[in-house]
Amino acid sequence: MAQAVQRLVGKVPTLVNAAVTYSRPRLSTFWYYARVELVPPTPAEIRKAIEGATNLVKGYQSGRLAQTTVKDALRNGLVATEVLMWFYIGECIGKGGIVGYNV
């Protein structure tokens with residue numbers, strides 16, 4: 001038993017070096033994209049988002065929604081469905097399975 005533990009402890013540095021060697025390029029790629037994609041929005045971006053939301057509400061109130069073409073309505077519906085499905089997939093992953101959902 002003591003010899004098995006001693007062999008295991010002897011292999012730890014090799015395993016750690018292998019893990020570091022394997023992870024280093026992947027982590028550098030992750031951090032490269034994380035610095036760009038995971039930053040909080042700037043005040044200018046927040047202003048643009050608020051303007052977009054107000055334009056959306058004004059368009060809905062003025063009846064511009066009725067002038068949407070079938071192609072655009074279908075595209076918007078597919079995008080909304082995709083977002084909803086990704087939400088459900090994330091829920092299933094977070095929960096650890098599909099059991100318990102009314103499918």
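**View 1. Trp31 and its ring partner Phe30, from a predicted model.** Trp31 has a relative accessible area of 47%, so it counts as partly exposed. Phe30 lands in the partly exposed class too, at 43% relative accessibility. A search of the whole structure turns up three aromatic pairs. One of them joins Phe30 and Trp31 edge-to-face, with 5.1 Å centre to centre and 70° between the planes.

**View 2. The tilted pair of Phe87 and Tyr88.** Here the ring centres of Phe87 and Tyr88 sit 5.8 Å apart with the planes at 55°, and tilted covers angles from 30 to 60 degrees, so that's the label this pair gets. Phe87 is partly exposed at 49% relative accessibility, and Tyr88 is partly exposed as well, at 42%.

**View 3. A nonpolar patch on the surface, with Ile93 as a member.** Leu84, Met85, Trp86, Phe87, Tyr88, Ile89 and Ile93 make up the patch, and together they offer about 770 Å² of accessible area. Ile93 belongs to helix α3, residues 70–95. Its relative accessibility is 66%, and the cut-off for exposed is over 50%, so Ile93 counts as exposed.

**View 4. Helix α1 and its bend at Ser23.** Helix α1 takes in 36 residues, 2–37. At 1.5 Å a residue it should span 52 Å, and its end C-alpha atoms are 49 Å apart, so the two figures agree. Where does α1 bend? The spot is Ser23, where the bend is about 35°, and a proline, Pro25, follows within four residues.

Notes
Residues numbered from 1 in each chain as written. Predicted model: local features only at pLDDT ≥ 70, side-chain atom pairs only at ≥ 80, totals over all residues. Heavy atoms only, no water. Helix = DSSP H or I, 4+ residues; strand = E, 2+ residues; numbered from the N terminus. Expected span 1.5 Å × (residues − 1). Bend = angle between axes of the 7 residues up to and from the residue. Patch = residues over 30% accessible without salt bridge, like charges linked within 9 Å, V, L, I, M, F, W, Y side chains within 5 Å. Areas by Shrake-Rupley, 256 points an atom, 1.4 Å probe, with all protein chains shown as cover. Salt bridge = Lys/Arg side-chain N within 4 Å of Asp/Glu carboxyl O. Buried < 20%, exposed > 50% of the residue type's maximum accessible area, 1.4 Å probe, protein only. Phe/Tyr/Trp six-rings, centres within 6.5 Å; stacked < 30°, edge-to-face > 60°.
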